[in-house]
Amino acid sequence: MFPEDRKEGSPRFGKLHFPVGLWINSPKKRLAKMSRRWPSAGSVRSNSSDTASRGSETVELRPPGKTKPSRHKRLSNLFHRSGAGTGAATSGSGGRWASEKKLAELVDPVPEALVGGEHPPGQRQLPGILKIFGGDISRGANYKSVLATPRSTARQLVREALERYGLAPEEGTSGEYVLCDVVGRPGGPGGAWQVEHLRPVGDAERPLVLQDVWKPKSGCSRRFEIRRRQEVERICEGEDAETAGINAQTRRLQKSRSRAASGGPAPAKERADNLSLRRSISDMNLSTKRRRERKTVLSVAGGEAGTPPADEGPPESPPGEGAAGEEEAGEGAGLEQLSQCLIQPPQQHPYFLLLQGYGKQDFVIYVMTRPQHVFGRPERRGLPEKPGGCLVDTFLNAPDILPRHCLVRAAEAGADPPAPATVRPFRGAPVTHNGAPLLRQAPLHPGDLLGLGQHFLFLYKDPRGAAGGSPAPRPPWLPPAWCSPGLAGALGCPGCGRSPQERQEALRSCLESPRPELRYRPQEEEVLLREIVRLPEGCGTGAGIGGLAPAFLLGLCLEHAARAFPPERFPALLSRVALLVKETVWEKIKEIGDRQPENQQDAAPAALSVEAVAADLRPLMLWLANAMELLNLAQGRVLELEKELELEGPCQELTGDLETCDEAMGVLDEVIMSTFQQSVYYLTKTLYSALPALLESNPFSGSGEPSAAQDLGSVPEGVRPTLAVYQTALELTRDCQLHPDLVSQTFGYLFFFSNASLFNTLMEKGSAGPFFQWWRAVRIRTNLDLVLDWLTGLGLGDIAGEFFRKLSATANLLCTPRSCLSKLTWARLRGEYPALSPAQLHHLLSHYQLGLGQPPPPAWSPPPEEREQAATGDIFESFSEHPPLLLPSQGFRLRPGEPLAEEGLLRPLCRLRRLLWELEQGSLPANQRALGLEGAA
């Protein structure tokens, strides 16, 4: 509030501390000169009022029926009382003028200091009209005028304003609103009022006196607004960070009588100004200054000492002892410094004890008053504020401190189980935790060392849990021994005193541990990734989820990189993993294409068997399932990065990392699409040669009635090839642990292709000859029922019924007895078979064989409004209208963090651990390799 207004030559603050004392000690001649420059409290008139543009208010104090006295006379009456009025004013505190009071006393000034004793009764409390703007209370209302006097408090004016706005000024209602002193200027859109500063006026402050003492700077004007208290408190929390830190320090200094504060130190010049704000306005009397310093020290040191009365005069020093007076002044300065050292830590809030700082302006204790606490550096004035992010609680002035450097979340008091406090650095911020570099969120225990940059070192303390908390197993300030990110780090220090047998058991336990953890060093990363993508295709396939071992192991690599490596390592690793998977899948697709009969020049083309197609598609199905699971694991980590970006605000490093991760996930999406398309392509290619038998075979040719038994040897021969393809596809998806949603979509595409292919073949055969006959339709209907019943037994009946709807409608139409069908009209047929388009229905009816020489009945002719569509419409189904591929969002099989109970995943994990151990030991000199570990292999 004050630093930006305290400018050179400002008539409000440039002369506030010094010249007011001169007024008191100067003769009337000097006072008369200054009266031409400074208006009195009784003649204030705002010259910046602009009611047309909602400017500041105009306040005139006009004595009714009296002529205004001269400016010099009014100012003289304010500061010089006549003999008649000084009888009671010279005794006690009445002999001191308002200019000698502290700023805190200006909130409730002595009425006699504002209205001179020699004023006539009608002139002591001069009424004025005060405009109070209340846009928050009544939308569209400009302002309400309230009658006010110099004695009127802000609380009284709020109650009167609420009455004017039509609100009952109940005690509770008036407490919800607060009077605000708003400084701004017109100049917004349409001449709207632009607020530059807003300050809530205290309930005991007197607005007219406040307006008289403090004037807005040049170009600005003031007006009073009534606002809701909650809104004002929210606005005050978001004020300028540096000013908020200084004000928070001042409030906490006065409240706790110590120098502990959460906000960072202000510069030396502003610190001196803040100290002056806690003194009286006049600093001319050195004895008064020394008395005030003694009172401050006594209040800080004793805590219970009473405050001397206001009218107590300064102690008289013996005449002629100027040197003693200077020594006493130096003693007062020493007592002021001593008061800064009398610090008592808080008992209800966590705090940070400064062990090493950067300059002389640092505090010793920084208190956490909110659930989360942000350390940072104050931004330079004039820079635009970054949207989003957290507000900074503690400002640290050091060159390597970022604007938002570190975030600490306090432990929840009374939580069950108790959750410790957490600390996390912002992106790019150098932070150490107990001597080790901190790269991501970690628990923060009382007694931990927290280093910010190269200069600041804090000791974290939480007195709330000190009484009943259990002692730490080891001193938290003792930095843990550095450990390698590889397997050697999991074994601990080689010189820990273990015997060779104990080290061998520890290594065996580490290599065969069921914990989902894969530790490796950055130099071993490429070898590890190549080994994972080269896992045998048949490894782990079966009843378990061993087929998802590549995705599981790659997910462990990503988790280890996010936990143990610098933050920028994870996006690079994810991008490398996605490209490596894409290269592997592309090689598999090329191998399958080269084995197709049409691409072999040395042999005649021959159709591949279903078993050969399944063997070729197994690698693609495996990578389809693994790519889907890997994409889900990567998305979980990317969501954490997005939360960090939301917390830290705009950050170029985080934004770049998220873009890299998005590109990598786009590559994984491309892998999923390619493997799915190739898989259904080769399956439909096999179906294409098996489907025509459903239209031409006779299901009644065998012995007994046809049945849809699960054993393919029991079904009719014409249905067997199609069901064999479906069964092979189902077994392949189950063996490769494909996601259930992708399994449903795979069969949905196969059923769509089967329906379209059979329907188009049927329509084509009907136009070529007498194919639309009742007995042929009965065979087709029976074969189709056998297929649907068999799929229902496998749990695919709902999907098949949806995609075979058009073929079923066609078979039902053709199976209708001729005598019944000939009596039906076009409208009746359109209503009973809505799956058929007018062109398809017209084609079926026009080529239906009713008998020799019997033309189609006239009732089958389409009406005039559908005749053109029936004659020119397309009768075939389009293969391009297949259902889209939708990636699942839940139901994944791999769950990170859970202990391994699957042998198909634990076996390749242990094998990779042994490989990493061999690589790690092979990179060390012979005299540094572990001994006695041969038996662990």
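Biologist: Lys144 lies over the face of which residue?
Modeller: Keep in mind that this is a predicted model. In it, Lys144 is placed 5.6 Å from a ring centre. A charge counts as over a ring only within 6 Å of the centre, and the ring here belongs to Tyr165.

Biologist: And the charged end of Arg424, over the ring of which residue does that sit?
Modeller: Here the distance from the charged end of Arg424 to the ring centre is 5.5 Å. The ring in question is that of Phe426.

Biologist: How confident is the predictor, then: what is the mean pLDDT of the protein?
Modeller: It varies along the chain, with residues 1-124 staying under 50 and residues 256-287 also staying under 50. On the other hand, 65% of the residues reach 70 or more. Put together over the protein, the mean pLDDT is 75.

Biologist: How many helices and strands does the secondary structure come to?
Modeller: The protein has 937 residues, and 44% of them are buried. As for secondary structure, the tally is 30 helices and 16 strands.

Biologist: Which helix gives the largest share of the largest nonpolar core?
Modeller: That core has 129 residues, and Tyr726, Phe747, Phe751, Phe804 and Leu829 touch the most other members. The largest share is 17 residues. They come from residues 610-648, which is helix α18.

Biologist: How many residues are in the second, separate core?
Modeller: Its members include Leu354, Ala398, Val408 and Val431. The size of this second core is 24 residues.

Biologist: Leaving aside neighbours within four places in sequence, which residues is Leu829 in contact with?
Modeller: Leu829 is one of the residues touching the most other members of the largest core. Skipping those sequence neighbours, its contacts are Leu813, Leu821, Leu824, Leu841, Leu845 and Trp860.

Biologist: Let's talk rings: is the pair of Phe456 and Phe458 stacked or edge-to-face?
Modeller: There are 16 aromatic pairs in the count. For Phe456 and Phe458, the centres are 6.0 Å apart and the planes differ by 5 degrees. Planes under 30 degrees apart get one particular label, so this pair is stacked.

Biologist: Are Phe456 and Phe458 buried or exposed?
Modeller: Both belong to a cluster that ring pairs link together, along with Phe352, Phe363, Tyr366, Phe375 and Tyr460. As for their cover, Phe456 and Phe458 are both buried.

Biologist: What kind of pair do the rings of Tyr749 and Phe752 make?
Modeller: These two residues are three apart in helix α22, so about one helical turn separates them. Tyr749 is buried because its relative accessibility is 19%, and Phe752 is buried too, at 11%. Their ring centres lie 6.2 Å apart with planes at 55 degrees, so the pair is tilted.

Biologist: Is Phe879 buried or partly exposed?
Modeller: Phe879 sits in the loop between α29 and α30. Buried would need a value under 20%. Phe879 has 37% relative accessibility, so it counts as partly exposed.

Biologist: What separates the C-alpha atoms of Phe879 and Phe752?
Modeller: Along the chain, the two are 127 residues apart. Still, Phe879 touches Phe752, as well as Phe753, Ala756, Ser757 and Asn760. Between the C-alpha atoms of Phe879 and Phe752, the separation is 8.3 Å.

Notes: Residues are numbered from 1 along each chain as its sequence is written. This is a predicted model: local features need pLDDT of at least 70, side-chain atom pairs count only at pLDDT 80 or more; totals for chains, interfaces and linings use all residues. Side-chain values use heavy atoms; hydrogens and water are left out. Helices (H or I, at least four residues) and strands (E, at least two) are DSSP runs, numbered from the N terminus. Buried means under 20% relative accessible area, exposed over 50%, partly exposed in between (1.4 Å probe, protein chains only). Contact means heavy atoms within 4.5 Å. Rings of Phe, Tyr and Trp (its six-membered ring) pair if their centres lie within 6.5 Å; planes under 30 degrees apart count as stacked, over 60 as edge-to-face and the rest as tilted. A charge sits over a ring if NZ of Lys or CZ of Arg is within 6 Å of the ring centre and within 35 degrees of the ring normal. A nonpolar core is a set of buried Ala, Val, Leu, Ile, Met, Phe, Trp, Tyr and Cys residues joined through side-chain atoms within 4.5 Å. pLDDT is the predictor's confidence in each residue, from 0 to 100.
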